[in-house]
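Q: Could you take me through one part of this model in some detail? I'd like a close look at the place where the ligand sits, and then at whatever else helps me picture the chain around it.

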Amino acid sequence: MFSAIVIDKNDAGQSVSVQQLDESALPEGDVLIDVAYSTLNYKDGLAITGSSPVVRKFPMVPGIDLAGTVRESNSAEWKAGDKVVLNGWGVGEGHWGGLARVARLKGEWLVPLPSAFTARQAMAIGTAGYTAALCVDALVNAGVTPDQGEVLVTGATGGVGSVAVALLKAAGFTVVAATGKASEGDYLAKLGADSVIDRATLSEKGKALQKERWAGVVDAVGSFTLANACAQTRYGGAVAACGLAQGADFPATVMPFILRGVRLLGVDSVMAPRSLRTKAYERLARDLDAASLEAIATEIALADAPAAAADLIAGKIRGRVVVDVNR
Ligand code: NDP
């Protein structure tokens, strides 16, 4: 038997509880993993609170990320004792996930735990941090360089935003952090923000073309914020769009794209191929120091996950929530 968060649904609605499950109930897969840590991402928050239809099968063990040790393997790639990390692939949505002491997964979904990180640190990064690295890689691959001017990070105190600020600073960029949390200026400065702006300056409908300011943007927010960020991006600049914390809509015009050659780069972490994952983890291992990770992370126990998920969706959480599934 093992402890897990379980989301269930019936005519009365959705319920979330900590349950003792039998290992025989685990879904199919060729690798059995003793989970050490998981984490809460925005998507886990949506799944656990039921505020968006993230879960595709019930009952579901949520948790789109985990780090742990292989106990049994029928995969040629993995053997007992290997330390592994899982990010995405629909785990925690359609296949039981990481908010449990045990998981059974497909070997092809796993990556080795990078030697630079402990299992706990890998979950302080989680899908949010690995997505931030994908966004920074996308901007750099699009030719955005520090000498071209400031880069903007939206949703800056969130999981994606916090790691993006640190990674962009380490890559030599001048970083402007947009946040709704006026009290978090010191936190953002410690991570590497050169200046902070109020997210309200981006969150309402704006003109199709605005004063050119950003060489690049990492946007975790979507909606008017993404539209305004594009309208303020300099000639030839690029905007990496990965999130929808304000909304999934994109109320913009094509003007920045057709008159300024601005590029909009979509970033997906869930189905990203291993080559992109490997490069993202190389950046994280090189550029994200242990002190930044500690500043970003707050640790909770497995049973605390439902309440923390509600706080996350309410925008009350700073940085990343690491879940010690064994306490
Ligand atoms: P968090 O909840 O940790 O952070 C989101 C941040 O967005 C908040 O901290 C807040 O930052 C800001 N925010 C919240 N509500 C609003 C609002 N109404 N208007 C403007 N800003 C707002 O989430 P994550 O960082 O983990 O994820 C961010 C987004 O990225 C989510 O939408 C998530 O679904 C998406 N995502 C996408 C991935 C992909 O593969 N494409 C992978 C991972 C995440 P502040 O208070 O500083 O303003």
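A: Let's start with Val267, where a backbone N or O atom lies 2.9 Å from a nitrogen atom of the ligand. Keep in mind as you look that this is a predicted model. Leu244 also uses its backbone here: one of its N or O atoms is 2.9 Å from an oxygen atom of the ligand. At Gly158, a polar backbone atom is 3.5 Å from a ligand oxygen. As for how covered the ligand is, it exposes 910 Å² when taken alone, and the protein buries 86% of that. The surroundings are made up of 25 residues, and the closest of these are Thr157, Val160, Thr179, Gly180 and Ser269.

Now for the chain itself. It is divided into domain 1, which covers 2-113 + 293-324, and domain 2, which covers 126-266. Gly158 and Leu244 have numbers that fall within the range of domain 2, while Val267 has a number outside the ranges of both domains. The C-alpha centres of domain 1 and domain 2 lie 29 Å apart, and their contact takes 14 residues from domain 1 and 15 residues from domain 2.

How much area is buried between domain 1 and domain 2? The figure is about 1100 Å², with carbon and sulfur atoms giving 62% of it. On the domain 1 side, three residues deserve your attention: Ile296, Arg318 and Arg320 supply 45% of the area that domain 1 buries against domain 2, more than any other three residues.

Arg318 is worth zooming in on again, as it forms a salt bridge with Glu184, with the closest N and O atoms 3.0 Å apart. Across the interface of domain 1 and domain 2, the rule finds one salt bridge. It also finds four residue pairs in polar contact across that interface, both partners being at pLDDT 80 or more. The residues on the side of domain 1 that touches domain 2 divide into five nonpolar, six polar and three charged.

Key:
Residues numbered from 1 in each chain as written. Predicted model: local features only at pLDDT ≥ 70, side-chain atom pairs only at ≥ 80, totals over all residues. Heavy atoms only, no water. Domains from an automatic or database assignment. Contact = heavy atoms within 4.5 Å. Buried area = accessible area lost by both parts, 1.4 Å probe. Salt bridge = Lys/Arg side-chain N within 4 Å of Asp/Glu carboxyl O. Polar contact = N/O pair within 3.5 Å; in protein donor to acceptor, adjacent residues only side chain to side chain. Nonpolar A, V, L, I, M, F, W, Y, C, P; charged D, E, K, R; others polar. Near = heavy atom within 4 Å. Areas by Shrake-Rupley, 256 points an atom, 1.4 Å probe, with all protein chains shown as cover.
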